[in-house]
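This briefing sets out selected features of one structural model, grouped by topic. The reader is invited to follow each point in the structure shown below.

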Amino acid sequence: MYTRLLTTHTLEFIRKATDGGYNDDGDWVEGTAQPPFEEKGSLQPFQKGKSKVDLPKGVTAKDVRLFYTKADLLIADEYLDQEADKTTIEGIPYQVWHIEPWKGHGLRSGHNKVFLVREDKMNGS
């Protein structure tokens, strides 16, 4: 994939600056977000059979978008207490679910293949 193809789309992402936690009453309080930031890349549909990644339960190919980018985005990681970066595509919220680094291998431009999954589908909805 050539470098110019990695600049055909711009998505705005939100990243949590502080972690969520429970208050004194035992209620969950969301973490605060950093200011939104933009990343350039190439937004593509997910095509079943073209990837060896198994989608989460209840998620279909139409619920996933691929974003090829040089950006280093974050996935959710419970051990690091890290939330996934989030974006909105055509009014629908998505979160970064999986990242495949495509660096080396004789590629002209190292980049990441980012799997974006609709947030409302992440809980099997």
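In this predicted model, Glu90 is located in the loop that connects strand 6 (86-89) to strand 7. Its phi angle is near 50 degrees, a positive value in a residue other than glycine. With a relative accessible area of 77%, Glu90 is exposed, because the cut-off for that class is over 50%.

**Barrel and strand pairing**

- The barrel is closed by 6 strands in the order 1-4-5-8-7-6, and their pairing is antiparallel.
- On average, neighbouring strands of this sheet are turned by 45 degrees against each other, direction ignored.
- Strands of a sheet pair through backbone hydrogen bonds, in either a parallel or an antiparallel sense.
- Strand 1 (residues 9-14) pairs with strand 4 (residues 37-45) in the antiparallel sense, over 5 bridges.
- His9 has Gly41 as its bridge partner in strand 4, and Phe13 stands opposite Phe37 in strand 4.
- Strand 1 is also joined to strand 6 by 2 bridges, and these two strands run antiparallel.
- On that side, Thr87 in strand 6 is the bridge partner of Phe13.

**Aromatic pairs**

- The whole structure contains 5 aromatic pairs.
- Phe13 and Phe37 have ring centres 6.0 Å apart and ring planes at 25 degrees, so the pair counts as stacked.
- Because Phe13 belongs to strand 1 and Phe37 to strand 4, this pair ties together parts of the chain that are 24 residues apart in sequence.
- Both Phe13 and Phe37 are buried.
- Together with Phe67, Phe13 and Phe37 form one aromatic cluster.

**Nonpolar cores**

- The largest nonpolar core comprises 12 residues: Leu11, Phe13, Phe37, Leu43, Phe67, Ala71, Leu73, Ile89, Tyr94, Val96, Val114 and Leu116.
- At least two residues of this core come from each of strand 1, strand 4, strand 7 and strand 8 (111-118).
- Another core, of 9 residues, lies apart from the largest one, and its members include Phe46, Val64, Leu66 and Tyr68.
- Ala71, a member of the 12-residue core, is in contact with Glu39 and Asn112 when its neighbours within four places in sequence are left aside.

**Salt bridges**

- The count of salt bridges comes to 4.
- One of them joins Arg15 and Asp85, whose closest N and O atoms are 2.7 Å apart.
- This pair links distant parts of the chain, 70 residues apart: Arg15 is in the loop between strand 1 and strand 2 (21-22), and Asp85 is in the loop between strand 5 (64-69) and strand 6.
- Both Arg15 and Asp85 are buried.
- A further salt bridge is formed by Glu119 and Lys86, with the closest N and O atoms 3.1 Å apart.
- Glu119 lies in the segment after strand 8 and Lys86 in strand 6, so their salt bridge ties together parts 33 residues apart in sequence.
- Glu119 counts as partly exposed, at 24% relative accessibility, and Lys86 is also partly exposed, with a relative accessible area of 26%.
- Arg118 and Asp120 meet through their side chains in a salt bridge with an N to O distance of 2.7 Å.
- Asp120 counts as partly exposed because its relative accessibility of 38% falls between the cut-offs of 20% and 50%.

**Surroundings of Gln95**

- Gln95 is found in strand 7, which spans residues 92-102.
- Why does Gln95 count as buried? Its relative accessible area is 14%, and the class requires a value under 20%, so the condition is met.
- Residues up to four places away in sequence aside, Gln95 touches Ala84, Asp85, Lys86, Phe115, Leu116, Val117, Glu119 and Met122.
- Among these contacts of Gln95 are Asp85, Lys86 and Glu119, of which Asp85 forms a salt bridge with Arg15, while Lys86 and Glu119 form one with each other.
- Leu116, also touched by Gln95, belongs to the largest nonpolar core.

Note on methods: Residues numbered from 1 in each chain as written. Predicted model: local features only at pLDDT ≥ 70, side-chain atom pairs only at ≥ 80, totals over all residues. Heavy atoms only, no water. Helix = DSSP H or I, 4+ residues; strand = E, 2+ residues; numbered from the N terminus. Buried < 20%, exposed > 50% of the residue type's maximum accessible area, 1.4 Å probe, protein only. Contact = heavy atoms within 4.5 Å. Pairing = 2+ DSSP bridges. Axes fitted to C-alpha atoms, helices over the stretch in contact; angles between N-to-C directions. Core = buried A, V, L, I, M, F, W, Y, C linked by side-chain atoms within 4.5 Å. Phe/Tyr/Trp six-rings, centres within 6.5 Å; stacked < 30°, edge-to-face > 60°.
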